Amino acid sequence: MVNTCITLIILSSMILLAIPSVLSLDQDPVAVEQWFENLPNMTPKLTHLHFYLHDLVSGSDPTVFRVAQSNITSSSPTAFGFIAMADDMLTTGPEPNSTVLGRAQGIYGSACLEESGLLMTMNLVFTGADYNGSTLSLLGRNAVFHRYREMPIVGGSGVFRMARGVATAKTYEFNLTSGDAVVEYNVMVQHYN
Ligand SMILES: *[C@@H]1O[C@H](CO)[C@@H](O)[C@H](O)[C@H]1NC(C)=O
Ligand SMILES: *[C@@H]1O[C@H](CO)[C@@H](O)[C@H](O)[C@H]1NC(C)=O
Ligand SMILES: *[C@@H]1O[C@H](CO)[C@@H](O)[C@H](O)[C@H]1NC(C)=O
Ligand SMILES: *[C@@H]1O[C@H](CO)[C@@H](O)[C@H](O)[C@H]1NC(C)=O
C-alpha cells in the first residue's frame with residue numbers, strides 16, 4: 001500500500017516534469033537569475049518555425065508605415081535611406097485569414113545603394129498557442145529580390161531565452177503596384193526551454 005503510494009507520487013511527479021515548459025516562465029529578476037544558474041544543466045533544443053509574414057503598405061489596414069527618408073530616397077533606384085515601422089501579421093499559411101501566430105514588430109530601412117537591401121531589426125512576437133508571450137529578435141540584411149535571404153536570430157525571450165538561429169525569407173507574393181508582400185519564413189533556433 002505504502003509502496004503503491006510512493007510509486008504513484010513518483011509517477012505523478014515524473015508526469016509533471018514531462019510537461020514541456022510552454023507555460024509562461026517566471027520573469028522576475030530572481031527567477032531569471034535562477035534560470036541562468038541552471039543553464040549548465042539544460043540541453044539545447046532545436047526548433048523549426050514556419051510562417052508567412054504579411055507586409056501591407058496599402059489597403060484599408062496597412063501594417064507598415066514609412067517614418068523617415070533621406071533627400072535622395074525618391075531619386076534612388078533602391079529608395080536608399082527610407083525607414084519604416086512595421087507591425088506585420090505572422091500566420092500559418094499564405095492566406096491572410098489563416099491562423100495568426102504572432103506579429104513581426106520593428107524597423108526596416110533601405111541600407112544599400114547598389115541593390116534593394118534592407119536592414120531588418122524586428123522582434124517576432126508570438127501570440128499563438130505554442131510560444132505565446134515569447135519573442136525572437138531578428139537582425140540582418142534582407143536583399144528582397146534574392147530568392148532566399150538569410151538573417152540571424154540574435155536572441156529571444158520567454159521560451160527563447162538565449163536563442164540563436166537563422167531565419168530564411170522567401171517572397172511568396174509581391175504586388176509591384178501596391179507594394180504589399182507575403183513572405184515565407186523558416187526559422188531554425190537553438191534554445192533551452
Ligand atoms: C542632400 O543633402 C545633402 C547635405 O544635407 C546635400 O549636400 C545634397 O546636395 C542633398 N541632395 C539632394 C539631392 O538634395
Ligand atoms: C479564407 O479566404 C479564402 C479566400 O481568400 C476562402 O476561400 C476561405 O474560405 C477563407 N477561410 C476561412 C477559414 O475563412
Ligand atoms: C496568450 O497569452 C495571453 C496573456 O497571457 C492570453 O490572454 C491569451 O489568451 C493567450 N493566447 C493563447 C492563444 O493561448
Ligand atoms: C495589386 O495591388 C493593386 C493595387 O492595390 C490591386 O488593384 C491588385 O488587385 C493587386 N494584384 C493582386 C494580384 O493582388
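This report describes the fold, the nonpolar core, three single residues and one ligand site of a predicted model.

Residues are numbered from 1 along each chain as its sequence is written, and chains are lettered from A and ligands numbered from 1 in the order in which they are written. In this predicted model local features need pLDDT of at least 70, side-chain atom pairs count only at pLDDT 80 or more, and totals for chains, interfaces and linings use all residues, while side-chain values use heavy atoms, with hydrogens and water left out.

**Overall fold**

Two helices and nine strands make up the elements of the protein chain; helices (H or I, at least four residues) and strands (E, at least two) are DSSP runs, numbered from the N terminus. Their order from the N terminus is α-α-β-β-β-β-β-β-β-β-β. The chain has 193 residues, of which 37% count as buried. Buried means under 20% relative accessible area, exposed over 50%, and partly exposed in between (1.4 Å probe, protein chains only). About 11500 Å² of the protein chain is exposed, and carbon and sulfur atoms supply 60% of it; accessible areas come from the Shrake-Rupley method with a 1.4 Å probe, and for residues only the protein chains shown count as cover. Of the contacts between residues at least 6 apart in sequence, 49% join residues at least 24 apart, where contact means heavy atoms within 4.5 Å.

**Nonpolar core**

The largest nonpolar core holds 30 residues, and Tyr108, Leu136 and Tyr185 touch the most other members. Such a core is a set of buried Ala, Val, Leu, Ile, Met, Phe, Trp, Tyr and Cys residues joined through side-chain atoms within 4.5 Å. Strands that each supply at least two residues of this core include E1 (45–55), E4 (100–110), E6 (135–142) and E9 (181–191). Leaving out residues up to four places away in sequence, Tyr185 touches residues including Leu49, Phe51, Met120, Leu138 and Met151.

**Arg103, Thr78 and Met162**

Arg103 is placed in strand E4. It counts as partly exposed because its relative accessible area is 26%. Its C-alpha lies 8.0 Å from that of Asn123, 20 residues away in sequence. Beyond four places in sequence, the residues touched by Arg103 include Thr63, Asp87, Leu90 and Val125.

Thr78 sits in the loop between strand E2 (64–68) and E3. Thr78 counts as buried because its relative accessibility is 8%. Among the residues it touches, those up to four places away aside, are Ser110, Leu113 and Glu115. Ala79, in the loop between E2 and E3, has a positive phi of about 55° although it is not a glycine.

Met162 lies in the loop between E7 and E8 and also has a positive phi, near 65°. Met162 is partly exposed, with a relative accessible area of 41%.

**Ligand 3 and polar contacts**

Thr127, Gly128, Ala129 and Asn132 surround ligand 3, a residue being near a molecule if one of its heavy atoms lies within 4 Å of it. Taken alone ligand 3 exposes 370 Å², and the protein buries 25% of that. The shell has one nonpolar, three polar and no charged residues; Ala, Val, Leu, Ile, Met, Phe, Trp, Tyr, Cys and Pro count as nonpolar, Asp, Glu, Lys and Arg as charged, and the others, Gly among them, as polar.

A polar contact is a pair of N or O atoms within 3.5 Å; within protein, one must be able to donate a hydrogen and the other to accept it, and residues adjacent in sequence count only if both atoms are side-chain atoms.

| Side chain | Partner atom | Distance |
|---|---|---|
| Asn132 | oxygen atom of ligand 3 | 2.4 Å |
| Arg103 | backbone oxygen of Asp87 | 2.7 Å |
| Thr78 | backbone oxygen of Cys112 | 2.7 Å |
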